[in-house]
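Let's take a walk through a structure together, one piece at a time. Have the viewer open and turn things around as you read.

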Amino acid sequence: MENKELVLENTLVQALQEGFTRLEATVKRKARVEAKIDKDILPSLLLFAKEKLGYNHLSHIGCVDWIEDGLFEIVYILWHPTEKINLLIKASTERENAIMPNIDYIWRQANTYEREMREMFGIEFPGLVGRKDFILEDWQDIPPMRRDFDTEKYVNEHFFNRPGREDAKDVREQVAKRSGEDIPEFAKKYSRK
Amino acid sequence: MINDKNSQGIVDIIAEYARKQSLFIMAYGTGCGAIEIPPTLTSRYDAERLGIRGAATPRQADVLLITGYLATKSLKRVIRVYEQMQAPKYVIGFGSCTINGGMYWDSYNTINLLDKYIPVDVYINGCMPRPEAVIAGFEKLKELIQSGNALGWKKYEDNLEEYRENQKKVIVNWQMPDYNW
């Protein structure tokens, strides 16, 4: 019964797997299909999805910092205007000297996302237009959206603090203290000492 | 001109009285607090009946409102605007972000203490302060002006080196004219 409802999604998965051998495609739920692929063949998959399958709208490009695995995962969200399906295409790159293929010749609006990712995560896109400062001005530290960027340390070094707020530095601990609950094990390593 | 509050002559008292009756706000909204300014100035709270209204350019303005958080990028513009304003000029820090950073205290791109970078005459606390609070803040500023205590601009001239040092700590690539006082 469930399969009947997901006819369009299953057809899409089949079409993707026929076109590309090194690709994992799964149906996540209704109107959402996810595909994982190598970053080298990512532009051809995006072109294939745009020209052949009709996913001609790029909704969003996101970046996830998997610091434990040493990876940046870039998620391209495509939208089919008539079939009403979101296609999530995921590709990973190493955190050190991260390089991703530039796709702003496929969708021009990708340029904005790529400039932002270059500045906030330090991912290089060869051939990117507009490599000057985008959002940050005069930034000299490591890119601020990386998870190894210590915001509090940066703030203490660069800005002033008004005395009298030493009690409320760690929000997680304060909330736990007030509600009388323990901090979960997985969250403890992110607590500020 | 007035050099300190004890040397207010009769001319100064009259000048200050006239000055406090018409405060022109520089229309430069830096943070989310700018949304409280339209209701303050328009028919609901009608701040114009108290002599408070907007000005288009820094050179025509008396009051600079820093409405909420101040990003390091807009700090550059704020300093530029402040230095262009004509001499009896006042700064109102608006919302808790200007006082101690507010909810953005640990953000990498917003400053925490406004009075380290430009002198502040009146702080209005709250997140966000309602138009009543804004008007109360202006009334306080008027009191300070009348008593000759709103001398932030004087403080800025006297301690320019110190302010510059703090400003240049945030604005690394300083590409602004160094004004001659």
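Before we look at any sheet, here's one idea to hold on to: two strands count as paired if DSSP finds at least two bridges between them. Keep in mind, too, that what you're looking at is a predicted model.

Now put that idea to work in chain B. Strand 3 (residues 63-67) and strand 4 (residues 90-94) of chain B run parallel, and 5 bridges join them. If you'd like a spot to zoom in on, find B:L64, which stands opposite B:V91 in strand 4 of chain B.

That pair belongs to a wider arrangement. Chain B has an open sheet of 5 strands with parallel pairing, and the order across the sheet is 2-1-3-4-5. Which strands stand at the edges? Strand 2 (52-55) and strand 5 of chain B do; each has a single partner strand, so one side of each is left without a neighbour in the sheet. The sheet isn't flat either: on average, neighbouring strands are turned by 30 degrees against each other, if you ignore direction. Helix 5 of chain B packs on this sheet, touching strand 1 (23-26), strand 2, strand 4 and strand 5 of chain B. Compare directions, and helix 5 makes about 165 degrees with strand 5 of chain B.

Let's step back and take in the whole of chain B. You can count 7 helices and 5 strands in it. Following the sequence from start to end, you'd meet them in the pattern α-β-α-β-β-α-β-α-β-α-α-α. The C-alpha trace spans about 45 × 40 × 25 Å along its principal axes. Does that go with a compact or a stretched-out chain, and what does the radius of gyration say? A compact globule of 181 residues would have a radius of gyration near 16 Å, and chain B has 16 Å, so the two agree. As for the inside, 36% of the 181 residues of chain B count as buried. The chain also brings far-off parts of its sequence together: among contacts between residues at least 6 apart in sequence, 80% join residues at least 24 apart.

Two places in chain B deserve a visit. One is B:K168, in helix 7 (residues 160-170) of chain B. B:K168 counts as exposed because it has 11 C-beta neighbours inside 10 Å, and the cut-off for exposed is 12 or fewer. From B:K168 to B:S74 is 94 residues in sequence and 14 Å in space, C-alpha to C-alpha. The other place is a loop, the one between strand 5 (122-124) and helix 5 (131-146) of chain B, where you'll find B:M128. A cis peptide bond joins B:C127 and B:M128, with omega about -5 degrees. That's worth a second look because most peptide bonds are trans, and most residues other than glycine have a negative phi.

The second half of that rule takes us over to chain A. Phi of A:A31 is near 65 degrees, a positive value in a residue that isn't glycine. A:A31 lies in the loop between strand 1 (23-29) and strand 2 (32-37) of chain A, and it counts as partly exposed because it has 16 C-beta neighbours inside 10 Å. A:K84 also isn't a glycine, yet it has a positive phi of about 55 degrees. Look for A:K84 in the loop between strand 4 (71-80) and strand 5 (85-94) of chain A; with 10 C-beta neighbours inside 10 Å, A:K84 counts as exposed.

While you're in chain A, stop at A:F48 in helix 3 (residues 42-51). Setting aside neighbours within four places in sequence, A:F48 is in contact with A:G19 and A:L53. A:F48 and A:G19 are 29 residues apart in sequence and 8.4 Å apart in space, C-alpha to C-alpha.

How is chain A divided? Into domain 1 (2-160) and domain 2 (163-193), whose centres, taken over C-alpha atoms, are 33 Å apart. Helix 6 (residues 171-179) of chain A is hardly covered, with 0 buried residues among its 9. Just after helix 6, A:G180 takes a positive phi of about 75 degrees.

Last stop: the place where the chains meet. Here 14 residues of chain B are in contact with 15 residues of chain A. On the chain B side, they divide into 6 nonpolar, 4 polar and 4 charged.

Key
Residues are numbered from 1 along each chain as its sequence is written. Chains are lettered from A and ligands numbered from 1 in the order in which they are written. This is a predicted model: local features need pLDDT of at least 70, side-chain atom pairs count only at pLDDT 80 or more; totals for chains, interfaces and linings use all residues. Domain bounds come from an automatic or database domain assignment. Helices (H or I, at least four residues) and strands (E, at least two) are DSSP runs, numbered from the N terminus. A residue is buried if 20 or more other C-beta atoms lie within 10 Å of its own, exposed if 12 or fewer, and partly exposed in between; C-beta atoms are placed from the backbone. Two residues are in contact if their C-beta atoms, placed from the backbone, lie within 7 Å. Ala, Val, Leu, Ile, Met, Phe, Trp, Tyr, Cys and Pro count as nonpolar, Asp, Glu, Lys and Arg as charged, and the others, Gly among them, as polar. The radius of gyration is taken over C-alpha atoms; the globule rule is 2.2 Å times the number of residues to the power 0.38. Axes are lines fitted to C-alpha atoms, for helices over the stretch in contact, and angles run from 0 to 180 degrees between N-to-C directions.
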